[in-house]
Amino acid sequence: MKWLLLVTFLAASPRGYAQTYAIVADRLIDGKSDQAFSNPTIIVREGKIVDINFGRVIPDSAIIIDLKGQTVMPGLMDVHTHLLADGRDYDKDLYGNSPSYRALRAVMHLRTALNNGITTIRDVCSEGAGFADVDLSRAVDSGFVDGPRIFPAGPGIAATGQYLPSGRDQNWTIDLPYGTQFATGVDECVKVVREERARGVKWIKMYADWASPTFSAEEMKAIVSEANKLGIQVAAHAYSSLAIRMAIESGVRSIEHGIRFNDSLIRLALAHGTFWCPTLTVLQELPGPVLDTMYRYLNRAYKAGVPIAMGTDIGSFPWDINETGELEIYVRKGGLTPMDAIKTATLNAARLLHLENRLGQIQKGYTADIIAVKGNPLEDIALIQQVDFVMKDGKVYKRP
């Protein structure tokens with residue numbers, strides 16, 4: 001009898017992986033098309049989307065998930081996060097909190113992101129916690145921690161002395177830890193890339209500047225070349241125009257922040273196919289004229305066709321701030337349409353991660369990462385900050 005009850009429970013469980021689901025909603029934003037579709041029924045089985053119809057055709061065996069009044073869309077991606085930071089006391093994290101403590105705290109961050117509709121993240125520097133983000137990625141993939149799938153970059157790479165905390169603020173007689181790994185010269189840059197890849201990173205984070213450019217052109221090219229040879233790509237922190245130019249010319253996959261983008265850099269990014277992750281949420285404290293200039297060039301880059309991918313820099317600000325508010329800034333300040341803003345966190349982000357054939361869209365054969373919000377976010381982009389339903393890999397994590 002106990003066995004029969006267990007089988008019955010598993011068959012009816014909303015998390016049962018082999019169960020067939022029929023998701024019924026008012027409208028569908030599929031992540032690729034330029035318009036929404038009315039009255040979709042999405043059939044999910046074994047973690048995949050197996051059918052989409054618009055005639056309410058539902059298999060007899062399916063559990064119906066009724067999302068009437070809601071819009072379904074692909075799970076969102078945040079491609080600039082810091083899981084091992086909490087946006088508060090940076091020095092305490094480095095000197096007072098162990099990497100294991102910070103990893104345990106990050107389990108809460110993962111759950112927060114998932115509840116906000118984020119089903120994939122690229123974590124672009126563990127901020128002094130070593131390769132704990134690699135371990136978190138393994139934990140999520142193994143199924144004993146709930147959260148978005150993680151593409152970790154480990155400690156990141158900065159030019160010697162060019163990252164937090166400032167050496168000028170430390171006791172120079174004590175060898176205190178820093179927030180990233182340091183390298184000087186081509187040989188060290190190559191060595192650090194190899195070491196990080198051996199530890200399991202799936203991306204390299206390079207700090208192309210720190211107030212001003214740090215690495216030489218030769219060092220940047222060495223980092224990118226070695227990463228590419230090892231089958232991974234590079235994200236470049238770059239604020240200044242010179243650092244943005246050097247990073248693009250070195251072959252990085254994405255520019256992070258990009259505060260001083262300009263028309264010539266937009267043309268250069270287009271020529272190289274470089275993505276831009278603006279991280280506007282974290283930059284709201286910049287002086288007004290700087291932000292206004294950034295908004296203007298974001299709009300120009302968008303209109304020119306530079307691929308924009310949603311990256312927020314969460315962890316540099318507290319995790320209790322909803323990171324999906326980044327999309328509202330793109331619309332209100334950057335001039336993106338609501339649909340194209342959504343694509344920055346779906347189709348464009350998937351392309352950045354080379355996952356466009358399985359993630360970022362609601363299409364037959366794709367992984368079943370599906371979220372839903374009440375109403376129509378194409379009429380009010382702020383609705384995306386009120387996610388009611390989250391499915392990742394065909395498993396339901398949140399429902400109305």
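**View 1. Ala 211 sits out in the open in this predicted model.** Ala 211 is exposed, with a relative accessible area of 80%; here exposed means over 50% relative accessible area, buried means under 20%, and partly exposed lies in between (1.4 Å probe, protein chains only). You will find Ala 211 in the loop between β12 (209-210) and β13 (212-213). Helices (H or I, at least four residues) and strands (E, at least two) are DSSP runs, numbered from the N terminus. The phi of Ala 211 is near 80 degrees, a positive value in a residue other than glycine.

A note on reading these views: because this is a predicted model, local features need pLDDT of at least 70 and side-chain atom pairs count only at pLDDT 80 or more, while totals for chains, interfaces and linings use all residues. Residues are numbered from 1 along each chain as its sequence is written, and side-chain values use heavy atoms, with hydrogens and water left out.

**View 2. Glu 127 also has a positive phi, but in a buried setting.** Glu 127 is not a glycine, and its phi is about 55 degrees. Look for Glu 127 in the loop between β7 (118-123) and α4 (132-142). The relative accessible area of Glu 127 is 4%, so the residue counts as buried.

**View 3. Helix α8 turns one face inward.** Which residues of α8 (residues 263-272) are buried? They are Leu 265, Ile 266, Leu 268 and Ala 269. Seen down the helix axis, these buried residues fall within an arc of 165 degrees, so they line one face of α8; the arc is that of the directions from the helix axis to the C-beta atoms. The face turned away from the buried side carries the exposed residues Arg 267 and Ala 271. The cover over the buried residues of α8 includes α7 (241-250) and α9 (288-304). After α8 comes Gly 273, with a positive phi near 70 degrees.

**View 4. Ile 223 belongs to the largest nonpolar core.** A nonpolar core is a set of buried Ala, Val, Leu, Ile, Met, Phe, Trp, Tyr and Cys residues joined through side-chain atoms within 4.5 Å. The largest one has 85 residues, and those with the most contacts inside it are Leu 83, Ile 204, Met 206, Ile 223, Ile 255 and Phe 261. Helix α9 gives the most to this core, with 8 residues. Zooming in on Ile 223, and leaving aside neighbours within four places in sequence, its contacts (heavy atoms within 4.5 Å) are Ile 157, Cys 189, Val 193, Ile 204, Met 206, Phe 215 and Val 234. Apart from this core lies another, of 18 residues, among them Leu 28, Ile 49, Leu 67 and Ala 368.

**View 5. Arg 149 and Gln 70 are two buried strand residues.** Arg 149 is in strand β8 (residues 149-152) and counts as buried at 7% relative accessibility. What does Arg 149 contact, leaving aside its neighbours within four places in sequence? Its partners are Thr 119, Thr 120, Ile 121, Val 140, Leu 359, Thr 367, Asp 369, Lys 392 and Asp 393. Arg 149 and Ala 139, 10 residues apart in sequence, are 9.6 Å apart in space, C-alpha to C-alpha.

Gln 70 is in strand β5 (residues 63-74) and is buried, with a relative accessible area of 5%. Not counting residues up to four places away in sequence, Gln 70 touches Ala 25, Asp 26, Arg 27, Ala 372, Val 373, Lys 374, Gly 375, Asp 388 and Pro 400.

**View 6. Cys 125 and Cys 277 are buried cysteines without a disulfide.** How many disulfides does the structure hold? The count is 0, a disulfide being a pair of cysteine sulfur atoms within 2.5 Å. The cysteine sulfur closest to that of Cys 125 is in Cys 277, 15 Å away and therefore too far for a bond. Cys 125 counts as buried at 0% relative accessibility, and Cys 277 counts as buried at 0% too.

**View 7. Stepping back to the chain that frames these close-ups.** The chain has 12 helices and 19 strands. Of its 400 residues, 56% count as buried. Along its principal axes, the C-alpha trace spans about 70 × 50 × 35 Å. Among contacts between residues at least 6 apart in sequence, 69% join residues at least 24 apart.
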